[in-house]
Amino acid sequence: MSNLFSGINARFRGTSSRTPGQNKSPVSTSSGQPNSPINPSHGSHPSSSLAPKIPPLPSSPSLAHNIGMDESSGVVGNGDDVLSSYHLPRPLPLWLNAAYAKHIVKGNFMTLSARPKTVEQGEWIAHQVVEHYRNLWNFVRVIHEKEDDGSTICSPSTCPRMSAGVNHSFTWLNNKREPVELPAYEYITLMQRWISGKIDDLNIFPTDSNGVSFAHNPSITTTPLSQLTNPGEKEWVGKRSGFPENFVEVCQTIFRQMFRVYAHLYWAHFIDPFYHLNLEKQLNSCFSHFVLTACALDMLKPQELEPMQPLIDLWASNGTFPPGSKAYDYANHRAGERLMQLSNPA
């Protein structure tokens, strides 16, 4: 993915300084913690040694599947009913207009998310974590870059909470394991430090090429190779490549945290700075690829997508998410079709 978006860095350099009157303006839209990978609220601590524990969310279905998706129940909501359940502001955010939800590349992003047959699952997850982390922080750098007067676009005054609209906010666990609200700038900085610490930890992300293994051939055996040599020994994703037993749990937390940053970027900063800098298509391209990958690898659960559910619905309806992908299955297609209609009024 880094090759596809190699031009982003060039676009970022020298573009953050904005001259009044030179920003492009959107056409009006249709109205219409790290503390442990197990707790819905994140906690804060400057030390990267604190592993965020975000608790497994309840096994309840996502909001999109609760409303309008179960035809067998006899209750089928239309698109307006579903959108109403999302409690979206009016007018709708610009990024929910199909004209502004486009990408810089065309094609099936699933080809980028699908694991090559010979690559071991743990190796593929590790690769995706690093690549998506790089893509995301290109955008974070824009909102954190200081202007001539020392201010930043995302600051304690502009974003006093780490939020995604008025309906979703995220807390951090302090050193007493208490959930606290932080300005988005501080939350993102602490999270970046935690993720970097995990990626740089050789006990979690080993880099010794001698430890790399290949995926076994399911046409020969469906039994993991370690079970053939050591029957009864505990097995986990990435074990043969040297990844620890909690590797998937750590990666799920990293993806969950990165999703929260993307959600904040859309809800708080889509127009300023990304639309004003002509970077909205780059943001859309990276985020849609991120969602496809996270869903395909089971790094995110359907209910965790709720802050960005309307955009996922829209992309499932306009063909960005192909049928058969988990992201497509997690979408509410009635809501997506209704958003398409609102974007193109007759």
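Q: What does the side chain of N174 reach, and at what distance?

A: Look for a nitrogen or oxygen on one group sitting within 3.5 Å of a nitrogen or oxygen on another. In this predicted model, the side chain of N174 comes to 2.8 Å from the backbone nitrogen of E178. N174 itself sits in the loop that runs between β1 (172-173) and β2 (179-180).

Q: Is N174 buried or exposed?

A: The idea is to check relative accessibility against a cut-off: under 20% means buried. N174 has 15%, so it counts as buried. Try V82 next: its relative accessibility is 0%, so V82 is buried as well. You'll find V82 in helix α3 (residues 79-85).

Q: How far apart are the C-alpha atoms of V82 and H333?

A: For this one, set the separation in space beside the separation along the chain. V82 and H333 are 251 residues apart along the chain, and 9.8 Å separates their C-alpha atoms.

Q: What share of the protein's residues is buried?

A: Now use the buried label on the whole chain. Of the 346 residues in the protein, 48% are buried.

Q: How many helices and strands does the protein have?

A: There are 12 helices and two strands. Reading along the sequence, you get α-α-α-α-α-β-β-α-α-α-α-α-α-α.

Q: What span should helix α5 have?

A: Allow 1.5 Å a residue, counting one less than the number of residues. Helix α5 (residues 121-144) has 24 residues, so it should span 34 Å, and its end C-alpha atoms are indeed 34 Å apart. As for cover, 18 of the 24 residues in α5 are buried, so call it mostly covered.

Q: Which residue caps the N-terminal end of α5?

A: Look for a side chain that reaches a backbone nitrogen at the helix end. Here the cap is E120, with a side-chain oxygen 2.9 Å from the backbone nitrogen of G122.

Q: At what angle do helix α6 and helix α8 pack?

A: You compare the directions of the two axes. Helix α6 (residues 184-200) and helix α8 (residues 247-275) pack at about 150°, and their axes are 11 Å apart. Angles over 145 degrees count as roughly antiparallel, so that's the label for α6 and α8. The crossing of α6 past α8 is left-handed.

Q: Which residues in α6 meet α8?

A: Here's the general idea: an α-helix has 3.6 residues a turn, so residues three or four places apart point the same way. In α6, the residues meeting α8 are A184, Y187, I188, M191, W194, I195 and K198. Their partners in α8 include V250, I254, M258 and V261.

Note on methods
Residues numbered from 1 in each chain as written. Predicted model: local features only at pLDDT ≥ 70, side-chain atom pairs only at ≥ 80, totals over all residues. Heavy atoms only, no water. Helix = DSSP H or I, 4+ residues; strand = E, 2+ residues; numbered from the N terminus. Buried < 20%, exposed > 50% of the residue type's maximum accessible area, 1.4 Å probe, protein only. Polar contact = N/O pair within 3.5 Å; in protein donor to acceptor, adjacent residues only side chain to side chain. Axes fitted to C-alpha atoms, helices over the stretch in contact; angles between N-to-C directions. Parallel < 35°, antiparallel > 145°, perpendicular 65-115°, else oblique. Left-handed = near helix turned anticlockwise from the far one by under 90°. Contact = heavy atoms within 4.5 Å.
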